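Got the model open? Let's go through some of the labels people put on it and ask what each one rests on.

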Number of protein chains: 2
Amino acid sequence: MARQGLTHADIIGTAIEMIESEGLHSFSLRELAGRLHIKAASLYNHIRSSDELHTEIGYYAISELKKAQLAAIAGKERSEAIESLADAYYRFGKERPEIYKVILSLPMVKNDAIHSAGFDIVEPIMTAMAGYHLTREQMMHLQRVFRSIMHGFISQEEAGCFRQFPVDVVDSYRMAVRGFILLLENSEKEAQA
Amino acid sequence: MARQGLTHADIIGTAIEMIESEGLHSFSLRELAGRLHIKAASLYNHIRSSDELHTEIGYYAISELKKAQLAAIAGKERSEAIESLADAYYRFGKERPEIYKVILSLPMVKNDAIHSAGFDIVEPIMTAMAGYHLTREQMMHLQRVFRSIMHGFISQEEAGCFRQFPVDVVDSYRMAVRGFILLLENSEKEAQA
DNA sequence: TATTGTATGCTAACGCCGTTAGTTTGTCAA
DNA sequence: TTGACAAACTAACGGCGTTAGCATACAATA
């Protein structure tokens, strides 16, 4: 009963904390309610559903990732910008794996809000590529390639798929980024031809 | 009661069918039991747990993917082998997305059986790269890069993350594969230097 | 052929989960 | 002071995986 000034932000914030510390897998509304000294049913005064909460956390994650990426490329150009961007992405995935996972469980189909979130995902890499002489169409493709490499690498490492061989994972990561930069340079040549 | 000759294979097979047609998300032991005309509790005469069933389906998926990949590279070399391998991988991910998802939810940490499954994942790409003059260590890294690109691309496309721009996703895919081949050629040069 | 053991089915139940309906109560504005 | 509304509550529903304990069909053995 003892009414506390529970904000919507408090709830999302607590949920994020719980997911980061206990893992996305074991997160539940009932535990969230418990942590807030509330019954699970009372949560529905603040959220519409578990899915909606999930989605909001996803937006938070995307905005955090974007922030880190934009900070990383500030004042940098070309390969230096790309490497710095990749590093920021990689670090985010490694340091906040549970929050990172939420991003991809987002149903990207739905509504308009998600469309702007889609823009947030794309913007940093598009900016980082600005120093290369590429056509707009090339950039649209390359943006996808970059995100594929980064996401693929992070999620496979997280899933433990990189334990097969006794070579340093960070070295593999650097090679992946170098591969993308090679592709950038190659595309640039093609655009100028 | 009417005892039917329920095989372990029957159960896994039915589970796979259900996951492919209804989606991994909506799969449950109770529905599986229903489809087999059995009560959920009776399933435990055949499986140890939901997790174990999940894991076995993951092994199946890995072996299917491996089979498709090995068939794709048979009699091919160098870039042709790589492209063909990538196509087989891509096709698998697009045609059987739900089964593909099971692979990555596998906990790669655990036991020995998973270690051999890890080998199954790695073998096709290692074979496909055999035509390039690379050091063993280079191959270990490049194998990770390849799988990152492929998995990243497939899972992001599946998640709907590639709708931002009106450019063909298959074109983006080809660019990604071309990028990997560039990296292969570049690594080859370095190895020879 | 009769018996016995095991594999395979059953029911009932537990403790989770998200969610809804209906009710009470604290708080703030008129 | 009163009335309205927001925010808590309790109770319940149907879902989930899972366990315990019981019944039965079938196969091997005596």
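Q: How many nonpolar, polar and charged residues does the surface near DNA strand D have, by class?

A: This is a predicted model, so keep that in mind throughout. By class there are 9 nonpolar, 6 polar and 6 charged residues on the surface near DNA strand D.

Q: What makes a residue count as being near DNA strand D, and which are the closest?

A: The cut-off is a C-beta atom, placed from the backbone, within 6 Å of the strand. 21 residues surround DNA strand D, and the closest are A:Lys39, A:Ala41, B:Ser28, B:Ala41 and B:Ser50. Helix H2 (29–35) and helix H3 (50–73) of chain B are the elements giving two or more residues to that surface. H2(B) has the largest share, 3 residues.

Q: Which residues come nearest to DNA strand C?

A: Of the 21 residues around DNA strand C, those are A:Ser28, A:Arg30, A:Ala41, A:Ser50 and B:Ala41. Here the elements with two or more residues are helix H2 (29–35) and helix H3 (50–73) of chain A, and H2(A) gives the most, with 3 residues. The surface near DNA strand C divides into 9 nonpolar, 6 polar and 6 charged residues.

Q: How do you know that the two copies are related as by a two-fold rotation axis?

A: Look at the superposition: a rotation of 180 degrees puts chain A on chain B, with 0.0 Å of shift along the axis and an RMSD of 0.0 Å. The two copies are therefore related as by a two-fold rotation axis. To find the axis in your viewer, go to A:Gly152, which of the residues of chain A comes closest to it, at 1.8 Å (C-alpha).

Q: What shows that the same surface serves both copies?

A: The overlap does: 100% of the contact residues of chain A recur in chain B.

Q: How many residues does the contact take from chain A and from chain B, and which elements of chain A give two or more?

A: Chain A puts in 37 residues and chain B 38 residues. On the chain A side, the elements giving two or more are helix H6 (113–128), helix H7 (136–159) and helix H8 (169–192). H7(A) gives the most, with 16 residues. By class, that side has 20 nonpolar, 12 polar and 5 charged residues.

Q: Why is H8(A) called roughly perpendicular to H8(B)?

A: Their axes come within 9 Å and cross at roughly 105 degrees. The label covers 65 to 115 degrees, so H8(A) is roughly perpendicular to H8(B).

Q: Which residues in H8(A) and H8(B) meet?

A: A:Gly179, A:Phe180, A:Leu182, A:Leu183 and A:Asn186 meet B:Gly179, B:Phe180, B:Leu182, B:Leu183 and B:Asn186. By class, this contact has 6 nonpolar, 4 polar and no charged residues. The glycines are on the polar side of that split because Gly counts as polar.

Q: What pattern does chain A follow along the sequence?

A: Chain A reads α-α-α-α-α-α-α-α, in keeping with its 8 helices and 0 strands. Its C-alpha atoms fill a box of roughly 70 × 40 × 30 Å along the principal axes.

Q: How is chain A divided into domains, and what separates their centres?

A: There's domain 1 (1–47) and domain 2 (58–192), with 31 Å between their centres, taken over C-alpha atoms. Their contact takes 6 residues from domain 1 of chain A and 6 residues from domain 2 of chain A. The domain 1 side has 4 nonpolar, 1 polar and 1 charged residues.

How values were computed: Residues numbered from 1 in each chain as written. Chains lettered and ligands numbered in written order. Predicted model: local features only at pLDDT ≥ 70, side-chain atom pairs only at ≥ 80, totals over all residues. Contact = placed C-beta atoms within 7 Å. Helix = DSSP H or I, 4+ residues; strand = E, 2+ residues; numbered from the N terminus. Domains from an automatic or database assignment. Least-squares fit on C-alpha atoms with pLDDT ≥ 70 in both. Axes fitted to C-alpha atoms, helices over the stretch in contact; angles between N-to-C directions. Parallel < 35°, antiparallel > 145°, perpendicular 65-115°, else oblique.
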